[in-house]
Amino acid sequence: MPHRNTKIIATLGPASADEASIRALAETGADVFRLNFSHGSHDNHRAVHAAIRRVEAALGRPLGILMDLQGPKLRLGTFASGKPRLARGDRIRFDLDITPGDAHRVCIPHPEIIAAVRPGDTLLIDDGKMRFRVVEKTGDVVTAEALTDGLLSDRKGVNVPSVALPLSAMTAKDQADLAFGLELGVDWVALSFVQRPEDLFEARALIGDRAWLMAKIEKPAALAHLDAIIAAADGVMVARGDLGVELPPEEVPGLQKRIVRRCREAGKPVVVATQMLESMIEAPAPTRAEASDVATAVYDGVDCVMLSAESASGKYPREAVEMMTRIIACTESDPLQRQLMDAVHGRLEHSSTDAIGAAMRTVAGVLPLGATVAYTSSGATTLRLANQRPRAPILSLTPDERVARRLALVWGVRSRLSRRVAPTTTDHDAAMLAEAAEACRDEGLTQPSDAFVLAAGVPFGTPGSTNLLRVVLPGSAPQTQSL
């Protein structure tokens, strides 16, 4: 498969969860597979996880697995008979009484909502199909006026865009699902409906170092704490579905760019998700607007773009991945893409790793390199190098398969297991260099006549010790600079 920098997450579901389909998606361009824990049993997810790992072994390259936790779902109660129709201007009471409702009142079985809303706040029902403005609150009863015509029905979702609700991002179901996913060995955990950095602290305490943690930005309340959330997460997802429900649609594109910029400046992987090729759920080709949407994310230099229902339940899952791969490849071949992506630079920390990364980017811009090679034990070195967006592909060598799988989501990175555990003394320089050269050739990144650069740490295998840069020119001794 030709090298491309922007990665693809494919959600698995009824249309794609068998081993043959997973292999077809991976061969077509999927780098990471998303398991949506809003659906499916643990037994289903265990079988899909095992199938992904069999495909990974067959293809001989690391595949990442991202588990997406459902998060707190806020829903209406039930109605006594049918689906009441409301007209604009009609009023309805929302309360905590679990008795089935009617056109005049219905239960919202979430005291947090009742306690938090105030007159003037907006309530959205069924992904915003019905909109209400709170006009009065008396005790545990909220009276609201319909702003749209439409039907209400049992258990439809409720959104409160103007209020930061005092809810944990993790429910009891999420905690049980998380324990199961970590036992399976997932690589990334996506936390839904993050509102504040404390939500991530709670999840991190349960996860430890068993997976990397991704914050899904889909609540307006999160935007007030964006930098702190980015700092607390290992990666960020711009989840435009729910974000677009709770915010005016015209605000979402600018917020997407703002979140992407902040993540790139902070050096955290960023994913753009939801409705990217939505029409391919039913059609074999996307709209031109959808193709432009994917390309816009690539021009901005995101790490990854994601398919949801297109690959999980659509009629054309393989074609959707193939189309996304083609859009990425075409966009990355445009010289303008590099110019636009380079308009944002990751902040450099006062560390030897970032100094090496900046130097590697400069070398890659001056010499016609086949690859930039990074030895890493924790993944941190590769992440910091990828944040510099060098022109030459990044080959990440690690003795830890968990790290290799996690890095499958990161811009420009090809992960490969190092056959040797990282040596502990500088006497093994030659072995390290020979392995890097062989790995570059095996991955099709270099020919014997191509140069490459290598970053590593001395002593080898020590996390955070990246301090060595080698420029390996064809037909000459390696040029070395240590910091």
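Q: In this predicted model, which residues is Leu191 in contact with, leaving aside its neighbours within four places in sequence?
A: Let's start with one residue of this predicted model and look around it. Leu191 belongs to the largest nonpolar core, where it is among the residues with the most contacts. Setting aside neighbours within four places in sequence, its contacts are Leu69, Ala169, Met170, Asp199, Leu200, Ala203, Leu213, Met214, Ala215 and Lys216.

Q: How many residues does the largest nonpolar core have?
A: Besides Leu191, the residues with the most contacts inside this core include Phe33, Ile52, Val189, Leu200 and Met324. In soluble globular proteins, nonpolar side chains tend to be buried together. The count for the largest nonpolar core is 67 residues.

Q: Which helix gives the largest share of the largest nonpolar core?
A: The core in question is the one with 67 residues. Six of its residues come from a single helix, spanning residues 317-332. That helix is α12.

Q: How many residues are in the second, separate core?
A: The largest core is the one that holds Leu191. Ala116, Val142, Val160 and Leu165 are among the members of the second, separate core. This second core has 26 residues.

Q: Is Leu124 buried or exposed?
A: Leu124 sits in strand β7, residues 122-125. Contacts beyond four places in sequence include Met130, Arg131, Pro161 and Val245. Its relative accessibility is 1%, and the cut-off for burial is under 20%, so Leu124 counts as buried.

Q: How far apart in space are Leu124 and Gly157, C-alpha to C-alpha?
A: Along the sequence, these two are 33 residues apart. Even so, Gly157 is one of the residues that Leu124 touches. From C-alpha to C-alpha, the distance is 8.1 Å.

Q: Why does helix α15 count as largely enclosed by the rest of the structure?
A: Helix α15 covers residues 380-387. Its buried residues are Thr381, Thr382, Leu383, Arg384, Leu385, Ala386 and Asn387. The helix is largely enclosed because the buried residues number seven of the eight.

Q: Which element gives the largest share of the lining of the second largest cavity?
A: A search of the whole structure finds two cavities of 30 Å³ or more, and the second largest holds about 70 Å³ of space. Among the residues lining this second largest cavity are Cys263, Lys268, Leu383, Ala386, Asn387 and Arg389. The elements that give two or more residues are α9 (252-266) and α15. The largest share, three residues, comes from α15.

Q: What phi does Arg389 take, just after α15?
A: Arg389 is also one of the residues lining the second largest cavity. Most residues other than glycine have a negative phi. Arg389 has a positive phi, of about 50 degrees.

Q: Where is Thr274, which has a positive phi although it is not a glycine?
A: The phi of Thr274 is about 90 degrees. Gln275 also has a positive phi, of about 60 degrees, and is partly exposed with a relative accessible area of 46%. Gln275 is found in the loop between β15 and α10, and the place of Thr274 is in the loop between β15 (270-273) and α10 (288-299).

Q: How many disulfides does the count come to?
A: A disulfide is a covalent bond between the sulfur atoms of two cysteines. Cys304 is buried, with a relative accessible area of 0%. Its sulfur is 13 Å from the closest cysteine sulfur, in Cys263, which is too far for a bond. For the structure, the count of disulfides is zero.

Q: Which element gives the most to the lining of the second largest pocket?
A: The second largest pocket has a volume of about 590 Å³ and a lining of 24 residues, with Arg61, Pro62, Arg414, Ser415 and Glu443 nearest its centre. By type, the lining divides into 10 nonpolar, three polar and 11 charged residues. At least two residues each come from α1 (19-28), α2 (42-59), α16 (401-406) and β19 (413-417). The element giving the most, with five residues, is β19.

Q: Is Ile98 buried or exposed?
A: Ile98 is found in the loop between β5 (91-95) and β6 (105-107). Its relative accessible area is 72%, and the cut-off for exposed is over 50%. Ile98 is therefore exposed.

Definitions and conventions:
Residues numbered from 1 in each chain as written. Predicted model: local features only at pLDDT ≥ 70, side-chain atom pairs only at ≥ 80, totals over all residues. Heavy atoms only, no water. Helix = DSSP H or I, 4+ residues; strand = E, 2+ residues; numbered from the N terminus. Buried < 20%, exposed > 50% of the residue type's maximum accessible area, 1.4 Å probe, protein only. Contact = heavy atoms within 4.5 Å. 1 Å grid on protein atoms, 1.4 Å probe; cavity = no way out; pocket = protein on both sides within 12 Å on 5 of 7 lines; lining within 4 Å. Points joined across faces, edges and corners; volume = space filled by probe spheres on them. Nonpolar A, V, L, I, M, F, W, Y, C, P; charged D, E, K, R; others polar. Disulfide = S-S within 2.5 Å. Core = buried A, V, L, I, M, F, W, Y, C linked by side-chain atoms within 4.5 Å.
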